[in-house]
Each structure stands twice: as C-alpha cells, then as structure tokens.
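Here's a short walk through a small puzzle of folds and cross-links. Pull up the model and follow along.

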Amino acid sequence: MCGVKNLLLMALTTLLLILFCSRSEAASNFDCCLRYTEKIVPPRFIVGFTQQLADEACDINAIILHTRKYAICADPKAAWVKDAVRKLSQRIKKM
C-alpha cells in the first residue's frame, strides 16, 4: 500500500512539473515583442516603459510602452516613441 502511494505521489509531482515548465516557456515567449504597433499612443496614457534589446533574448529592439490596461511594442527609432519616452522620463524625474 505504501508503494502505491509513493508511486501516485511521484506521478502527480511529475505532472505538476511538466505543467509548470510548459507555462513558464509560454510566458517567456509572450514577453518578447515580435513586431511594432502601427498606432501612435499619446504620452498621457503611458505610465511606464521597458527597453527590449535584440542581442538579449528577443529578436528585435523595441520599447515596450506600458499603459494602465496593456503593453504596446513600439519602434525605438520612431520619433513619437522617442518623444513619449522623453516626456515620461521627465515626468518621473519630477516625482
């Protein structure tokens, strides 16, 4: 009886480990920007930003603009993105 419990415990542990690993891989792929948005986001809606570098884990350089509801992948070379990052940085410095 004790052997059956140990076997069931090992099977359950293995199943949980497989589920955990598959979810972590999906989450890490989701965190990379694969393309840029075509919409311009007004700076007043942006609450933060993150820089993504192509030489790290992702394929393209990007600025990830964070709003209260979602994150947007933007081209770091675009003038509106540079302006938004500059304005947000100034806003943060004033705090």
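Trace the chain from its start and the order of elements reads α-β-β-β-α. That makes two helices and three strands in total. Keep in mind that you're looking at a predicted model.

On to the cross-links. How many disulfides does the structure hold? There are two. If you number the bonded cysteines along the chain, the pairing goes 1-3, 2-4. Let's take the two links in turn.

One disulfide runs from Cys32 to Cys58, with the sulfurs 2.0 Å apart. What does this link tie together? Cys32 sits in the loop between helix H1 (2-30) and strand S1 (48-52), while Cys58 sits in the loop between S1 and strand S2 (62-66), so the bond connects parts that are 26 residues apart in sequence. If you like checking torsions, the S-S bond of Cys32 and Cys58 comes out at -70°, a left-handed link. And are these two cysteines buried or exposed? Cys32 and Cys58 are both buried.

The other disulfide pairs Cys33 with Cys73, again given with an S to S distance of 2.0 Å. Cys33 belongs to the loop between H1 and S1, but Cys73 is in strand S3 (residues 71-74), so here the tie spans parts that are 40 residues apart in sequence. Is this disulfide left-handed or right-handed? The torsion about the S-S bond of Cys33 and Cys73 is about -80°, so the link is left-handed.

The two ends of that second link are worth a look in terms of accessibility. Cys33 has a relative accessible area of 1%, so it counts as buried. For Cys73 the relative accessible area is 21%, and because buried means under 20% and exposed over 50%, Cys73 ends up as partly exposed.

Now zoom out to the whole chain. Of its 95 residues, 20% count as buried. The accessible surface adds up to about 7,900 Å², and carbon and sulfur atoms account for 62% of it.

Finally, how do contacts reach along the sequence? Take the contacts between residues at least 6 apart in sequence: 42% of them join residues at least 24 apart. With that in mind, you can go back to the two disulfides and look again at the parts they tie together: the loop with Cys32 to the loop with Cys58, and the loop with Cys33 to strand S3.

Technical notes:
Residues numbered from 1 in each chain as written. Predicted model: local features only at pLDDT ≥ 70, side-chain atom pairs only at ≥ 80, totals over all residues. Heavy atoms only, no water. Disulfide = S-S within 2.5 Å. Helix = DSSP H or I, 4+ residues; strand = E, 2+ residues; numbered from the N terminus. Buried < 20%, exposed > 50% of the residue type's maximum accessible area, 1.4 Å probe, protein only. Contact = heavy atoms within 4.5 Å. Areas by Shrake-Rupley, 256 points an atom, 1.4 Å probe, with all protein chains shown as cover.
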